[in-house]
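Colleague: I would like a close look at one single part of this model, taken slowly enough for someone in a first year of study to follow.

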Amino acid sequence: MKTDIQIAQEAQMEPIGKVAGRIGVSENELEYYGKYKAKLSDELWERIKDNENGRLVLVTAINPTPAGEGKTTTTVGLGDAMTRLGKKTLIALREPSLGPCFGIKGGAAGGGYAQVVPMEDLNLHFTGDFHAITSANNLLAAMLDNHIQQGNPLRIDPRQVVWKRCLDMNDRVLRNIVVGLGNKMDGMVREDHFVITVASEIMAILCLAENLTDLKKRLGRIIVAYNFDGEPVTADDLNATGAMAALLKDAVKPNLIQTLEHTPALVHGGPFANIAHGCNSVRATKMALKMSDITITEAGFGADLGAEKFFDIKCRLAGLQPDAVVLVATVRALKYNGGVAKEQLGEENLDALAKGIVNLEKHIENIQKYGVPVIVTLNSFITDTDAENEFIRRFCEERGCRFALSRVWEKGGEGGIELAREVLDTLETRESHFHPLYDDSLSLEDKIECIAKEIYGADGVVYEPAAKRQLAKIAELGFSRFPVCMAKNQYSLSDDARKLGRPSGFDIHVREAYVSAGAGFVVALTGAVMTMPGLPRVPAANGIDVTEDGKITGLF
């Protein structure tokens, strides 16, 4: 059986100008990055901004397991299937991070015969967006420390510096560091920290900004520290905004590539859903809506993280109205939630399926709370049985959900026709009555509690003393109306990764909170979630190489 990278490298890609032509984009509205990648220009947006929006479909999933779910694979395959059915379709995805690519997860281009290409470029440096975000983040950090070194006229309290440096790599030893060691000219000694680039507020800002002007306003509002009077110090106060924007002027433009079947795909931005808001850029989504009949996008990890943040943060802040949700599951993952060991997932086990399907049930209920129609799809594996598939079909239909099998990994767009028809019928016959989960006027604690109880199924919320103080300070500064971005492990509905299925009788533990004033939300860190991951015992990097003729191997 061919690997994902073998399939991708054998693909016959079309010149990106030809792909762009299918959605009405001319040569002079593209900024080329080689033959098969391009950025969409500001001039294009000015031309299409008054077009009527197409329909917006979100692809999300149950909680991820080692058995695999295939959310991006489904998104890509569904887009190809829609194109086969004659619909003008655009896919809107996030860019992969180098951290998971060299760590444990691998790439993020889809899989099998439902991939976006060029796969190697996308998973590695792509068009340099993440490097630009990293540079802008660390420029701000350097200017902050330089300000303290050069007399500190803003009276920044070095004990209250909250801006962290970043790196797009899983590097656990950088989580907590000491800077300024050496002599007097090497800066003030203080504790510092790194986050992975996808957790940087600048990543969130880039993904939520409407345009360059909005980007600059948001960058300027970033709180980097507090002074000796406890007042916030911003990037604007440091006169850093313009230089950061200069580094990001190209990164803010969406990237255009293609699927294996030449369906256009906008791939832009990449915040993680477990530690950030987990969605591709607003700008890419809005451009896609103006150029297509149907835009298919995805949100990271399970629906408790990615979909909740898509609805309560991205849609709220950008004024988006989703028309339908595709919820991805696999027979194997549901059996894993039912207690079956990974090595035995290929065996039919209806009892375990009945135990594990409660995870899917909770995600269905959660999406229905937002008033958006749900289509459940099973990403098919060869070991799945007819009895297992039929059990899940009946379960979904009894709960008011459409259901379809998806074989896009094996067959590409052809394998997604059943799902595409269910989605199209849903769009034609069922109206979306989308609304966020909570109102802006609620207190931050009430918003956190609402998410914890309604989405996770928790009994309540327990706050560490530091988190209580931080939330009180955030409210005092006037940020209570912001939505909340919950940072939580992705493997469980709870904040304990070991609690599979549909756990009950638990509390959510909030240990830290901070405001991302530029992005426009408040982050609540729960459980043991980390904003700088580490590499596993055997990282994926061990198997990645490049041949003498420049061909990359080992990506998956």
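Where in the chain is the place of Asn274, and what surrounds that residue?

Modeller: Please keep in mind that this is a predicted model, and let us begin with the setting before turning to the residue itself. The chain holds 19 helices and 25 strands, and its C-alpha atoms fill a box of roughly 70 × 60 × 50 Å along the principal axes. Because a compact globule of 556 residues would have a radius of gyration near 24 Å, the 23 Å of the chain agrees with that form. Of the contacts in the chain with a separation of 6 or more, 75% join residues that stand 24 or more positions apart, and buried residues make up 60% of the 556.

Within this chain, Asn274 sits in the loop that runs between the strand β15 (264-267) and the helix α11 (282-291). Although a student might wonder how to class such a loop residue, Asn274 counts as buried because its relative accessibility is 10%, and buried means under 20%. Leaving aside residues up to four places away in sequence, Asn274 touches Phe301, Leu305 and Lys309, and also Met486, Ala487, Lys488, Gln490 and Val529. With one of these, Gln490, there is a polar contact as well, made from side chain to side chain at 3.2 Å. The picture to keep, then, is of a buried residue placed in a loop, whose side chain makes a polar contact with that of Gln490.

Technical notes:
Residues numbered from 1 in each chain as written. Predicted model: local features only at pLDDT ≥ 70, side-chain atom pairs only at ≥ 80, totals over all residues. Heavy atoms only, no water. Helix = DSSP H or I, 4+ residues; strand = E, 2+ residues; numbered from the N terminus. Rg over C-alpha atoms; globule rule 2.2 N^0.38 Å. Buried < 20%, exposed > 50% of the residue type's maximum accessible area, 1.4 Å probe, protein only. Contact = heavy atoms within 4.5 Å. Polar contact = N/O pair within 3.5 Å; in protein donor to acceptor, adjacent residues only side chain to side chain.
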